[in-house]
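The following note is offered as a colleague's reading of the structure shown below. Its points run from the overall fold to individual residues.

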Amino acid sequence: MEKKRILSGMRPTGRLHMGNLHGALLNWVKLQDEYQCFYFVADWHALTTDYEQTEGIRENIWFMFIDWLSVGLDPQKSTLFVQSALPEHAELFLLFSMITPITWLERNPTYKEQLQELSHKDLRTFGFLGYPVLQAADILMYKANGVPVGVDQLPHVELTREIARRCNFLYGKIFPEPEALLTEIPKLCGTDGRKMSKSYQNCIYLSDTPEAIRKQVSGMITDTQRPRRQDPGDPDRCLAFPYHKLYLSTDILAQIVVDCRAARLGCVECKKMLADALVQALEPIQARQHYYLDHPEEVRAIIADGNERARTVARATMAEVREAIKI
């Protein structure tokens, strides 16, 4: 039986960090053995919020592929490609925009939230309002059965399903209605306790040197209600403890909890243990990063092959869509 298809993408806004690793990439790697996977660099989507600053996009695409390959995405198991290399995505986006009511887009909760969060940017553009339609084109182009998302992205998948239903109603059965594949994402804050974001400079990057990792970890906010070393702490209040749970053994964690609550272990010592564990965990990823940086022709071949494989599917879909719409 042919494997079901899934599709997901990531905007090339900079080097990838621990939030990207645990929020998406480790799950993508796991899904490769169960599904026929299409993973793409969403460079057109990067323009929806950063259309005034495009100088870094090409470099970010390159490093994103290197990071993807280094964490374990396998071009033999998954189709890895660049969105803008396939103009078929733009064509399907245009056709979907003809049938998508504006009210569907205006009610999108993410649209409203980002208008407030990014109020320093001029996002009153058609592209930003309509980016869920482009997402729907990305997903439905490959007739994906599922889309791996967190709970906050459910409205986007539901809008894709609505667009698929409307298109099927108007022109005949063309697209499946993709299901959201909910993934449990560990809550990893940035080193300052805020959302991990490149703009906040609070990230631990997959490509950081051991020195940079130790510096970032040493500055992490821990238990804000433990002002002195001799005060008992509470790991449940510690903003760094979610990292400890991911990278330290069960036995060590149990001892940390006991010693922290008894004030036998200070935050400085505790963070040193975490930094050492992170450096060790990232060593194999960084070894592969160095390999691909030293073999750029191999990376270029992987990108070209992924683009061509995706293009074969996209062209077949668009031929079917044009026939259904009669254009």
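Two residues are in contact when heavy atoms of theirs lie within 4.5 Å. The model discussed here is predicted.

1. Contacts of Thr-79. Strand S3, residues 78-82, contains Thr-79. With neighbours up to four places away in sequence set aside, Thr-79 is in contact with Cys-37, Phe-38, Tyr-39, Gly-306, Arg-309 and Ala-310. The relative accessible area of Thr-79 is 7%, so this residue is buried, the cut-off being under 20%. Two of these partners return under the nonpolar cores: Tyr-39 is named in the largest core, and Phe-38 belongs to a second, separate one.

2. Overall architecture. The protein comprises 14 helices and five strands. Its radius of gyration is 22 Å, close to the 20 Å given by the globule rule for 327 residues, so the protein is as compact as a globular protein of that length. Along the principal axes, the C-alpha atoms fill a box of roughly 75 × 45 × 40 Å.

3. Burial and contact range. Of the 327 residues in the protein, 50% are buried. Among contacts with a sequence separation of 6 or more, 77% join residues that are 24 or more positions apart.

4. Nonpolar cores. The largest nonpolar core contains 56 residues, and Met-18, Leu-25, Tyr-39 and Trp-68 have the most contacts inside it. Apart from neighbours within four places in sequence, Met-18 is in contact with Leu-188, Met-196, Ile-204, Leu-206, Tyr-243, Tyr-247, Leu-278 and Leu-282. A second core, separate from this one, has 44 residues and includes Phe-38, Phe-40, Leu-92 and Val-149.

5. Packing of H10 against H13. Two packed helices are described by the angle between their axes and the distance between the axes. For helix H10 (residues 210-218) and helix H13 (residues 267-294), the angle is about 145 degrees and the axes are 9 Å apart. The crossing of H10 past H13 is right-handed. H10 contributes Pro-210, Ile-213, Arg-214, Val-217 and Ser-218 to the contact, while H13 contributes Lys-271, Leu-274, Ala-275, Asp-276, Leu-278, Val-279, Leu-282 and Gln-286. By class, eight of the residues in this contact are nonpolar, two are polar and three are charged. Leu-278 and Leu-282 of H13 are also among the contacts of Met-18.

6. Helix H8. How many residues of helix H8 (residues 131-141) are buried? Ten of the eleven are, and the helix is mostly covered. The buried residues include Tyr-131, Val-133, Asp-138 and Met-141. After H8 comes Lys-143, which has a positive phi near 50 degrees.

7. Positive phi at non-glycine positions. Most residues other than glycine have a negative phi. Gln-201, although not a glycine, has a positive phi of about 55 degrees. Gln-201 is located in the loop between strand S5 (179-182) and H10, and its relative accessible area of 68% makes this residue exposed. Lys-326 is likewise not a glycine and has a positive phi of about 70 degrees. The position of Lys-326 is in the segment after helix H14 (296-325), and Lys-326 is exposed at a relative accessible area of 70%.

8. Phe-241 in H11. Helix H11, residues 241-247, contains Phe-241, which counts as buried at 7% relative accessibility. Leaving out neighbours within four places in sequence, the contacts of Phe-241 are Pro-235, Leu-253, Ile-256 and Val-257. From C-alpha to C-alpha, Phe-241 and Glu-106 are 38 Å apart in space, with their positions 135 residues apart in sequence.

9. Asn-60 in H3. Is Asn-60 buried or exposed? Asn-60, in helix H3 (residues 57-71), counts as buried at 14% relative accessibility. Neighbours within four places in sequence aside, Asn-60 is in contact with Pro-12, Thr-13 and Gly-14.

10. Arg-166 in H9. Arg-166 is part of helix H9 (residues 154-171) and is partly exposed, with a relative accessible area of 34%. Not counting residues up to four places away in sequence, Arg-166 touches Ile-99, Pro-101 and Trp-104. The C-alpha atoms of Arg-166 and Thr-100 are separated by 8.2 Å, although the two residues are 66 apart along the chain.

Methods:
Residues are numbered from 1 along each chain as its sequence is written. This is a predicted model: local features need pLDDT of at least 70, side-chain atom pairs count only at pLDDT 80 or more; totals for chains, interfaces and linings use all residues. Side-chain values use heavy atoms; hydrogens and water are left out. Axes are lines fitted to C-alpha atoms, for helices over the stretch in contact, and angles run from 0 to 180 degrees between N-to-C directions. Helices (H or I, at least four residues) and strands (E, at least two) are DSSP runs, numbered from the N terminus. A crossing is left-handed if the near helix is turned anticlockwise from the far one by less than a right angle, and right-handed if clockwise. Ala, Val, Leu, Ile, Met, Phe, Trp, Tyr, Cys and Pro count as nonpolar, Asp, Glu, Lys and Arg as charged, and the others, Gly among them, as polar. A nonpolar core is a set of buried Ala, Val, Leu, Ile, Met, Phe, Trp, Tyr and Cys residues joined through side-chain atoms within 4.5 Å. Buried means under 20% relative accessible area, exposed over 50%, partly exposed in between (1.4 Å probe, protein chains only). The radius of gyration is taken over C-alpha atoms; the globule rule is 2.2 Å times the number of residues to the power 0.38.
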